[in-house]
Amino acid sequence: MLTETVPVEAELSAEERELLLDLLRLPTAGPLETGPGAPLPLLAEALEVYARAGGRIGLVEVYRGAPDPAELDRPDVPLTVRRAVDREPGFLACQPSLVLRLGPELPRAATVMFNVHLDTVAGPEPVAFDGRRFTGRGAIDAKGPAVALLAGVRTAVAAEPRVGREVAVLVQAVSGEEGGAMGVFGTRPLVEAGYTGALNVFCEPTGLRYLPRATAAATARLRVRGEDAIDDCPGAGHNATVLLGFLAQHLARELGRAPGPRDPFCVAGTRTGPLHNRVYGSGELLLNLPYRDAGSGRRAQAAVEAAVRSGLEAFRAAFAGLPEFARTAADCARITRLDWLKRGLPALDNRHPELEELLTRRAGIARTPDAEPAFTCDAIWAAGLPDDAFTVVLGPGGLGANRAHAAGEFAEKAQLDAFAAAVARLLVAFARRS
């Protein structure tokens with residue numbers, strides 16, 4: 001009941017507002033976002049700024065660094081990450097992560113962990129604060145929540161002396177959440193190293209409702225490798241544009257009308273070439289397949305493989321009699337290859353009656369209804385924690401409503417203050433539980 005909620009409020013201080021502006025001014029989009037040849041991200045600088053701010057409220061640094069490249073030689077690491085590690089010297093070194101701790105090192109049962117990422121998507125945004133709204137890349141995803149988290153910890157310490165004494169607080173400030181890295185070199189190594197708690201909170205926009213689920217995703221790539229041709233003799237080559245366009249529509253239809261419950265899928269980017277006066281024989285098409293559990297992930301992958309086979313058969317039948325495309329039709333199966341940029345990632349779906357009761361009744365944080373969809377974030381790496389641990393996604397605002405990943409990204413100061421208050425209530429309630 002509302003009367004049982006811990007009565008704690010919080011607000012970002014003037015110093016914390018300046019901290020957020022400092023972080024927003026630091027470009028922290030990683031190489032997977034910015035592409036080859038772009039300036040290196042200033043993630044190390046952002047971590048230093050954040051660590052100093054944490055130190056002012058009693059958080060001490062217990063880890064800073066990046067994993068050894070050998071740790072990423074495993075099948076659940078996306079192919080794009082493995083290739084970047086092999087191809088780009090310093091790829092991992094320029095994307096370190098940080099762990100801060102408040103209080104002594106205590107057993108997991110007496111520890112709360114927060115995870116927040118300081119890397120962002122690419123695309124600069126004007127940095128400003130007008131007294132009501134912060135704008136800038138990362139304002140809501142997730143530099144704003146990272147600063148509000150510190151305000152919440154500060155408030156909790158002032159409200160309850162057991163926070164930082166009998167209850168330890170871990171803060172993971174990570175890189176590698178964006179760009180399709182899926183947390184494999186940021187969050188995953190920290191979770192596997194044991195920097196976790198009885199309650200683990202991943203700070204992503206959820207409208208201040210806790211979400212005990214996180215989807216994973218598989219990414220399929222269809223590649224056509226044929227021969228180019230001049231526009232005067234289009235039938236002499238392979239037309240990857242027409243083939244991939246046909247397969248994109250076929251996959252959309254076949255996957256969209258699959259029987260039974262299914263997760264949404266995304267027919268994503270396609271690329272062949274930019275010019276009007278040639279036939280492009282090579283190109284690629286990407287599909288993203290979020291899934292809620294390992295079984296649905298395997299079913300989605302099998303459905304894609306079946307749809308590609310039927311799509312190639314349908315293309316051959318439809319275009320074999322057209323001179324401009326007859327060669328493409330005859331060779332379509334030979335020149336088309338399906339591979340997977342990522343698959344086999346874990347998905348999170350957990351329950352813990354006691355800690356859910358603490359969140360809803362004592363901390364006053366509502367649960368996201370089961371009917372609402374989850375999304376993919378680094379919380380997937382907590383799926384393998386013991387049953388006595390509980391993991392949620394929780395943060396201010398909404399990915400769409402606050403224009404995360406888009407032009408005009410913003411966070412209202414009131415949203416960040418409300419998240420800081422939720423963090424403080426959560427910690428105080430955890431410290432006072434009997």
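In which loop is leucine 208 found? The legends below take up this point and others in a predicted model.

**View 1. Leucine 208 lies in the loop between β7 and β8.** In this predicted model, strand β7 comprises residues 199–202 and strand β8 residues 213–214, with leucine 208 in the loop that lies between them. Phi of leucine 208 is near 60 degrees, a positive value in a residue other than glycine. Most residues other than glycine have a negative phi. Leucine 208 is partly exposed, because its relative accessible area is 23%, and the partly exposed class runs between 20% and 50%.

**View 2. Methionine 182 has a positive phi in the loop between β6 and α6.** The flanking elements are strand β6 (168–174) and helix α6 (187–192). Methionine 182 is a residue other than glycine, and its phi is near 60 degrees. The relative accessible area of methionine 182 is 10%, and the residue is therefore buried, the limit for this class being under 20%.

**View 3. A cis peptide bond leads from aspartate 141 to alanine 142.** Omega of this bond is near 0 degrees. Most peptide bonds are trans. Alanine 142 lies in the loop that separates strand β5 (133–135) from helix α5 (143–159).

**View 4. Four strands form an open antiparallel sheet.** The strand order is β11-β13-β9-β14. Strands β11 (266–271) and β14 (336–342) are the edges, each pairing on one side only. On average, and with direction ignored, neighbouring strands of this sheet are turned by 20 degrees against each other. Strands of a sheet pair through backbone hydrogen bonds, either parallel or antiparallel.

**View 5. Edge strand β11 is joined to β13.** Four bridges connect β11 with β13 (residues 282–291), and the two strands run antiparallel. Arginine 271 has glutamate 284 in β13 as its bridge partner.

**View 6. Helix α9 lies across strands β9 and β14.** The helix comprises residues 326–335 and runs at about 35 degrees to β14, while strand β9 spans residues 216–225. Strand β14 is an edge of the open sheet. The buried residues of α9 are Thr328, Ala329, Asp331, Cys332 and Ile335. These buried residues pack against strands β9 and β14 as well as against helices α7 (240–256) and α8 (294–319).

Notes
Residues numbered from 1 in each chain as written. Predicted model: local features only at pLDDT ≥ 70, side-chain atom pairs only at ≥ 80, totals over all residues. Heavy atoms only, no water. Pairing = 2+ DSSP bridges. Axes fitted to C-alpha atoms, helices over the stretch in contact; angles between N-to-C directions. Contact = heavy atoms within 4.5 Å. Buried < 20%, exposed > 50% of the residue type's maximum accessible area, 1.4 Å probe, protein only.
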